[in-house]
Amino acid sequence: MGAMMPGMTTEVRNRLLLCIDGMQLMLPQGDICAVESVADLDSQDALAPSVGRIAYLGQSWPVLSLNGELQTLDNIPAARRACVMLATGKGFLGLLCDDVRVLNQQSGADYALPVAMRAANSPIQAIMPFEKGLACLSDARHLLQYGGFAQITSANVNAIERPEHV
């Protein structure tokens, strides 16, 4: 093996690879609570920026559709087949993906983002050579902070959960 470059770490851990519009996004496996089918998505009465809601653990949670630049979409592209559930601390948030793969005991080099690619609020923490390209590494905390996604869950839950009085 070659010498380690500054800003490079080697670690062995399980990750999930989320594919969204050709972007490969790796998250720690522990950050994903469940993977649901897009077929279970209820798009009626969706509150923007969510594209619908999905039942998980006895409640209905908002679901986001993102493009390959992690910007919210107001539609569900035909390629989206899976919905990963992220814990927000106040509930859950679904994120639509084209594909989800478990990468058991993924070993490889994580590289710090080049200075030119760093943005103050980017959820991408590092990059990693993967298959024939690069994968972006993040975690649920950074992904939820990006765009205020964690607040979507609490805002949508408050709008839906109204006590019923007879």
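Q: In which strand is L137 found, and is the residue buried or exposed?
A: In this predicted model, L137 belongs to strand β10, which covers residues 133-137. Burial is read from relative accessible area, with values under 20% counted as buried, and L137 is therefore classed as buried because its relative accessibility is 4%.

Q: How far apart are L137 and Q125, in sequence and in space?
A: Separation along the chain and separation in space are read independently. L137 and Q125 are twelve residues apart in sequence, while their C-alpha atoms lie 5.7 Å apart.

Q: What pattern does the chain follow when it is read along the sequence?
A: The chain has two helices and ten strands, and along the sequence these follow the pattern β-β-β-β-β-β-β-β-β-β-α-α. Of the 166 residues in the chain, 45% are buried.

Q: What is the strand order of the open sheet of five strands, and which are its edge strands?
A: A sheet is read by following the pairing from one strand to the next. Here the order is β3-β6-β7-β5-β4, the sheet is open, and the pairing is mixed. The edge strands are β3, residues 32-37, and β4, each of which pairs on one side only. From one strand to the next, the twist averages 35°. As a general idea for reading such strands, side chains in a regular strand alternate between the two faces of the sheet.

Q: How many bridges join β4 to β5, and in which direction do these strands run relative to each other?
A: Strand β4, residues 52-56, and strand β5, residues 59-64, run antiparallel and are joined by five bridges. Individual positions in this pairing can be named: G52 has V63 in β5 as its bridge partner, and R53 stands opposite P62 in β5. The hairpin formed by β4 and β5 has two residues between the strands, and in this hairpin L57 takes a positive phi near 55°.

Q: Do β5 and β7 run parallel or antiparallel, and which residue stands opposite L64?
A: Strand β5 runs parallel to β7, residues 92-97, and two bridges join them. In this pairing, L64 stands opposite L95 of β7.

Q: Where is N67 found, and what does its side chain reach?
A: For a loop residue, the location, the burial and the polar contacts are best read together. N67 is found in the loop between β5 and β6, the latter being residues 82-87. N67 counts as buried because its relative accessible area is 15%, and its side chain reaches the backbone nitrogen of E69 at 2.8 Å.

Q: How many cavities of 30 Å³ or more does a search of the whole structure find, and which residues line the largest cavity?
A: The search of the whole structure finds one cavity of 30 Å³ or more, and the volume of the largest cavity is about 30 Å³. L66, L86, L93, L95, L143, L144 and F149 form its lining. L95, which lines this cavity, is also the residue of β7 that stands opposite L64.

Q: Which elements each supply at least two residues of that lining, and how is the lining of the largest cavity made up by class?
A: Strand β7 and helix α1, residues 140-145, each supply at least two residues of the lining. By class, the lining of the largest cavity has seven nonpolar residues, no polar residues and no charged residues.

Technical notes. Residues are numbered from 1 along each chain as its sequence is written. This is a predicted model: local features need pLDDT of at least 70, side-chain atom pairs count only at pLDDT 80 or more; totals for chains, interfaces and linings use all residues. Side-chain values use heavy atoms; hydrogens and water are left out. Helices (H or I, at least four residues) and strands (E, at least two) are DSSP runs, numbered from the N terminus. Buried means under 20% relative accessible area, exposed over 50%, partly exposed in between (1.4 Å probe, protein chains only). Two strands pair if DSSP finds at least two bridges between them. On a 1 Å grid over the protein atoms alone, a cavity is a set of points where a 1.4 Å probe fits but cannot get out, and a pocket is an open set with protein on both sides within 12 Å along at least five of seven lines; lining residues have an atom within 4 Å of a point. Grid points are joined across faces, edges and corners, and a volume is the space filled by probe spheres set on the points. Ala, Val, Leu, Ile, Met, Phe, Trp, Tyr, Cys and Pro count as nonpolar, Asp, Glu, Lys and Arg as charged, and the others, Gly among them, as polar. Axes are lines fitted to C-alpha atoms, for helices over the stretch in contact, and angles run from 0 to 180 degrees between N-to-C directions. A polar contact is a pair of N or O atoms within 3.5 Å; within protein, one must be able to donate a hydrogen and the other to accept it, and residues adjacent in sequence count only if both atoms are side-chain atoms.
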